[in-house]
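Welcome, and please get your viewer ready. We will go from one selection to the next, with a short word on what is there each time.

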Amino acid sequence: MRRTLFNDNWKVTRLTGGILGMHIMGYGEGKEVTLPHDAMIEEERVPDCANGVSTGFYPGGIYRYVKRFYVPWEWAEKTVSIEFEGAYMNTRVYLNGDYMGGCAYGYSNFYISLDKGLLYGEENEIAVLVNNSAEPNSRWYSGSGLYRNVNLMTGNDVHIAADSVKITTPEIEKDTAVVCVEGRIKNRSNHNHGILLKTEIFGPDNKLAAEEVNRVTVYGNTDTYVKQRITIRKPALWSCETPDLYRCELRILEAGEETDTEILNFGIRKLNLDAENGLRINGKEVKLRGACIHHDNGIIGACTLPRAEERRCRLLKEAGFNCIRSSHHPLSKAMLDACDRLGMLVMDELSDMWEHPKNINDYAMFFPDCWEQDVERMIDKDFNHPCVIMYSTGNEIQEVGTPGGAELNRRICEKIRSLDPSRYTTNAFNGLLASIDYKMEISSALREKASREKKGLNDIMGEAVNPFQEEVLNASSVHPLMTAKIDEFMAPLDIAGYNYLTVRHEMDREEKPNRIILGTETFPSEIAQLWKIVRNNKYVIGDMTWTGYDYLGEAALGLITYEGEPPKSSMYRTAYAGDIDLIGHRRPVSFFREIVFGLRKDPYIAVERPQYFGKKPKKSQWALEDSISSWTWKGYEGQPVIADVYGDGDEVEVLVNGRSMGRKPMGEKAGFAAKYQLEYEPGEIKAVLYRNGTVCGSYELKTADTVVELFSEEYTADLKADGQDIVFLTVGMRDRNGNINLQEEKEIRVCVEGVGVLQGYGSSDPAAEESYQSTVCHTFDGYVQAAVRSVGKEGMIRVTFSTDGCASLRIALRSRA
C-alpha cells in the first residue's frame, strides 16, 4: 500500500465535557497545526493540577483534531486506511460524522479502515477526539493529542497487507546469510489474480545484493501467505560498531504492471544468550551500557519528529551508551529508525501497569482487554528493526508477587514468542512489590538496622529509595519467601530484569546458575560498583541507568537540596536526573560513567557549586553531585570550593595556576573519583592522570571573563521543507578569548522569521517558569535552546538571538525540498 504523511492542515480545538457532544458533527474553531503536535506542552502549568509533579504540573484535556481532504473517484477502486503512530490517549476516529474506530492506549500505533465511510468525488472530513482529561493517568509527562505521525494509506484490490512483511536471518555463516521474507498478500476483490512477487535486496552500498521472483495465485477475498528464501553472499553484519542496513523492496506485478510496492530496511545479525557466555551479537560478547529513557523531546514535549529522535539517540551514543530501554511503553517508529542507523540496541517495553493501577485513571482500566492487541502492535512495529534485541513485558508490575501475576506474565511471554521467537523477553522487576506481603518482616529488619546504627527509622528509609539492602534480603524470614516469588515470576523470561535490586545479581548465581540477569533500572550514583559486577560476571549482561536523558515530569526526582535553603520553585518541571540534560548537554555523571565504562582516557573535573559549600545536602540517589565543569566563579575569590576529579589511572594530580595541589589515588581502587578542597582563584585548574608513573591524560578549565558575545553550538543549516524537519539551536555566552561563561545569567530573546516556526524555546533549568512557547528565556548554566521547525515551504529561515550588553546573534537556515 502507498503510505503518505497525512500531517498538514489539521485544526485542533480544546474541548470541555459540557460541549463535547455538540462539536462532533461541526467543523469547530481552533488553530491550524501540522502534526505531530503535543497539546499538553501548550497548556498553562497550574499548581493544583491533578497530575502534579508527575507531568511537571501540566494538565491534560480533550482535544478535537479536524482535517478536510478531497477523495477522488479513483479511490472507489482502492482500499483506504489511516494509521496513527501514537495518540495520547483514548482516541476515537470519526469520518463524515460516523465513528470508525479507536484505541485506548496512548503509545500504540493503530490502523482505521476508511472504506465504509468515504464520499468519492467530494470533500471528506475526518475528526479525531483524543481524551486525556481523566487525571492522573501517568507517572511521567505523557503529552496529549496526536503527538506522532498520521499516515494515509491507499492500495489496489491486490496489495501487500500492512505490517505483514517479516524479515528474518535464520542462518548466518562467514560468507553467506539466508534471508527469509514472509508476508501476506490481500485480495479484497471477488476475482482470482495471477501475480508475480518480485523481491530485490540492496546492500549497505545500495547495490543489488540478491533478488527472487515467484508466481502467486491470489484467490478472491483472501489473504495469501508468501515466503521467499534468499541467499546473501558476503553479508555485512549489523552491530553497534557497524550498523550496516539492507533494503528489501517487494513489488507486485500484474500483466506487466507494478501494482504495489513495500520497502523495508533490515539488518543481518545473530543473537546468542546463555549463562556461561552472556549476550553475544555475531559471536562477540556485548555488555549492555544501557540508558532508560522517557519519550519526550525536552522543550518540544512529546512531539515526535525524526530529527529530534535521531538527535537524542546520537547524543546518547556519543556519551557511551549502546542500549536504550523504552520506559515504560513501546518506542516510536522514528526512534527505532534512528537506533538502526546509529547502532543503538533497544529493549522495548509493553506497559507500566497490568491489572493493578498505579494512578486512578491509568491504563490498568483497559489492559486486561487490550494487552494481546498491544503486544501484536508492538511486535509488528519492531520486527524488522535489528536494533531491537528484547521485549519487556512490563515495568514494576504490582502483581509480580501473586500467582495471578505470574500466570499473566507466562501468557504475555507466550504471546510474544508466538509472534517473534527471534528475540528475548524480560521484565523490569521491583523487589518491593514482590515482598509487599512481608512488610512486617522487612520493617523489623530495618528497625534492627536503625537500632544498630543509632538512627531513626525515617533516616534509614531515606538513605535509599529501595530499602532492600543486603542484610534485609538475607533476613531469614524475608529472603526465601521473596526468592520463591521471584522464581515463579521470572521462570518464563529469558532474562531476569532487576530494578534497584543489584544485591541479587551475585546472590542468585548459587541458587539459579542458569539465570541471566540485567539491571533494568539502577541508580546513577552507583555505577562504579554496578559495572564491576557486570564486568566480572558473564551472566550479568548489563546495566540500565535511570536515566540517560533528562525528561519532563517526575519533577525534581534527581534534585539536590540544602539544609536551610528554600526551594527554587514549588512547581519544578523536569526530573533533573539524566546523564544528559534537557537541552542535550552531558552532565558530570555522564563523563564519570564513560570513565567507568573504560571508554574515556582523559580525566574530568567538575566543581561543586561554591554557594553551597559547608551546607548539608539532601541528596537524591538519582544524583551524583551538584556540580558543573567550570572554573568561573566570580564573587567567590579566596573562598573554599570542592573540585571532583574523575579518571581511570593510578594517580591524579590537580594544579591551580601551575601549582600542584597534590596527588591522590585514582581508578577503580578509589572509585574512579577524588575530591579536592581548594581555595578558588581565577585562572586555570588542571587535572593530570598518571598510570605506572607516566602521564596518560589531562583535562583543564579556564576562568571566563565578562561575557561579550553570544555563540551557537554546531547545528545543521539545511532543513527539509516537509513540516517534519527541525533544528535545535543551542546558544551560550563567551568572553573575548572564546572562553565559555557558565556562571553569568542573562535573559535572551529569540525571533524566528521566514518559512519556519519556533517549536520550543527554553533551558535545562528544572525550576524554570517560562513557557516553552515563549520567546524569552533566562540562561541556565550558561545556555538556552531554540527548536526551529520547517513549515513545508522552500526558502530562508532567519533566527535572531538578542540580549542586553551583547551584539545580536543571527543564524540563517535554508528550507529545501
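Keep in mind on this tour that the model is predicted. A search of the whole structure turns up 29 aromatic pairs.

**Stop 1: a stacked pair.** Select Phe84 and Phe110. Their ring centres are 5.1 Å apart and their planes meet at 20 degrees, so this pair counts as stacked, the cut-off being under 30 degrees. Colour by strand and you will see that the pair links distant parts of the chain: Phe84 belongs to strand 5 (residues 79-84), while Phe110 belongs to strand 8 (residues 110-113), 26 residues apart. Both Phe84 and Phe110 are buried.

**Stop 2: a tilted pair.** Now select Tyr363 and Phe366. Here the ring centres lie 5.9 Å apart with the planes at 35 degrees, so the pair is tilted. Is each ring buried or partly exposed? Tyr363 is buried, at 5% relative accessible area, whereas Phe366 is partly exposed, at 23%.

**Stop 3: the cluster around them.** Widen the selection to Tyr88, Tyr105, Tyr107, Trp354, Phe367, Phe429, Phe489 and Tyr498, keeping Tyr363 and Phe366 in view: together they form one aromatic cluster.

**Stop 4: a cavity.** Stay with Tyr88, Tyr107 and Tyr363, and add Asn137 and Met353. Among the 15 residues that line the largest cavity, these five lie nearest its centre. About 110 Å³ of space lies in this cavity, and the structure holds four cavities of 30 Å³ or more.

**Stop 5: charges over rings.** Select Arg586 with Phe591. The charged end of Arg586 sits over the ring of Phe591, 3.9 Å from the ring centre. Then move to Arg663 and Tyr690, where Arg663 lies over the face of the Tyr690 ring, 3.8 Å from its centre.

**Stop 6: the cores.** In soluble globular proteins, nonpolar side chains tend to be buried together. The largest nonpolar core here has 170 residues, and Trp10, Tyr65, Leu146 and Leu288 have the most contacts inside it. Centre the view on Leu288. Which residues is Leu288 in contact with, leaving aside its neighbours within four places in sequence? They are Leu279, Asn322, Cys323, Leu345, Ile389, Met390, Leu518, Trp531, Ile541, Gly542 and Asp543. For a last selection, pick Ile195, Val226, Leu250 and Ile252: they are among the 25 residues of another core, which lies apart from the largest one.

Note on methods. Residues are numbered from 1 along each chain as its sequence is written. This is a predicted model: local features need pLDDT of at least 70, side-chain atom pairs count only at pLDDT 80 or more; totals for chains, interfaces and linings use all residues. Side-chain values use heavy atoms; hydrogens and water are left out. Rings of Phe, Tyr and Trp (its six-membered ring) pair if their centres lie within 6.5 Å; planes under 30 degrees apart count as stacked, over 60 as edge-to-face and the rest as tilted. Helices (H or I, at least four residues) and strands (E, at least two) are DSSP runs, numbered from the N terminus. Buried means under 20% relative accessible area, exposed over 50%, partly exposed in between (1.4 Å probe, protein chains only). A charge sits over a ring if NZ of Lys or CZ of Arg is within 6 Å of the ring centre and within 35 degrees of the ring normal. A nonpolar core is a set of buried Ala, Val, Leu, Ile, Met, Phe, Trp, Tyr and Cys residues joined through side-chain atoms within 4.5 Å. Contact means heavy atoms within 4.5 Å. On a 1 Å grid over the protein atoms alone, a cavity is a set of points where a 1.4 Å probe fits but cannot get out, and a pocket is an open set with protein on both sides within 12 Å along at least five of seven lines; lining residues have an atom within 4 Å of a point. Grid points are joined across faces, edges and corners, and a volume is the space filled by probe spheres set on the points.
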